[in-house]
Amino acid sequence: FIMITLQMIPDKGLNLQLPTSSEAQSLPRPHFTININKDGSVNVKGHHYDLDGLEKMLASDGDPGKTQITIAADKGVPFQDFIHVMDRCQKAGVSDIGIAAKSS
């Protein structure tokens, strides 16, 4: 897993309070940014998905093994919600997963 800085997240339309990390670094832009809100809802490129829909969307992305995603979770999101999203990404065949954080 890799942490990236907020500047590398193309989908900045949501008001997420990202956790901070002194080790966050800039990486190439991800193919998908999965935003997890405080209420546990998930948004990707302006579309709302439940966990089943998220898994289906990622699995249908041609070659999920080459799909790059970044998970941007509000710092108030329960860790279990974050784990559910990661699990669904992996079930869809995605293995290139980054975690968004703000530089401290």
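Arg 88 counts as buried in this predicted model, its relative accessibility being 18%, which falls under the 20% cut-off. Even so, the side chain of Arg 88 takes part in salt bridges with two acidic residues, Asp 52 and Glu 55. With Asp 52, the closest N and O atoms are 2.6 Å apart. This pair links distant parts of the chain, since Asp 52 belongs to helix α1 and Arg 88 to helix α2, 36 residues apart. With Glu 55, the N to O distance is 3.1 Å. Here too a residue of helix α2 meets one of helix α1, so the pair ties together parts that are 33 residues apart in sequence. The two acidic partners fall into separate accessibility classes: Asp 52 is exposed at 51%, while Glu 55 is partly exposed at 21%. Through shared partners, the salt bridges join Asp 52, Glu 55 and Arg 88 into one network. The structure holds two salt bridges.

Helix α1 itself, residues 51–59, is a good place to look next. Its buried residues are Leu 54, Met 57 and Leu 58. These cover an arc of only 95° around the axis, which puts them on the same side of the helix. The face turned away from that buried side carries Asp 52 and Lys 56, both exposed. Several elements help to cover the buried residues of α1, including the strands β3 (32–36), β4 (42–44), β5 (47–49) and β6 (68–73), together with helix α2 (79–91). At the N-terminal end, α1 is capped by Asp 50, a side-chain oxygen of which lies 3.3 Å from the backbone nitrogen of Asp 52.

Helix α2 also has a place in the path of the chain between two strands. Strands β6 and β7 (residues 96–100) run parallel and are joined by four bridges, with Thr 70 standing opposite Gly 98 in β7. The chain crosses from β6 through α2 to β7, and this β-α-β crossover is right-handed.

A further set of polar contacts is found in the loop between β3 and β4, where Ser 41 lies. Ser 41 is buried, with a relative accessible area of 17%. Its side chain makes a polar contact of 2.7 Å with the side chain of Asp 39, and another, of 2.9 Å, joins the side chains of Ser 41 and Asn 37. Beyond its neighbours within four places in sequence, Ser 41 is in contact with Asn 35, Ile 36 and His 48.

Conventions. Residues numbered from 1 in each chain as written. Predicted model: local features only at pLDDT ≥ 70, side-chain atom pairs only at ≥ 80, totals over all residues. Heavy atoms only, no water. Buried < 20%, exposed > 50% of the residue type's maximum accessible area, 1.4 Å probe, protein only. Arc of directions from axis to C-beta. Contact = heavy atoms within 4.5 Å. Polar contact = N/O pair within 3.5 Å; in protein donor to acceptor, adjacent residues only side chain to side chain. Pairing = 2+ DSSP bridges. Right-handed = clockwise from strand over helix to strand, strands pointing away. Salt bridge = Lys/Arg side-chain N within 4 Å of Asp/Glu carboxyl O.
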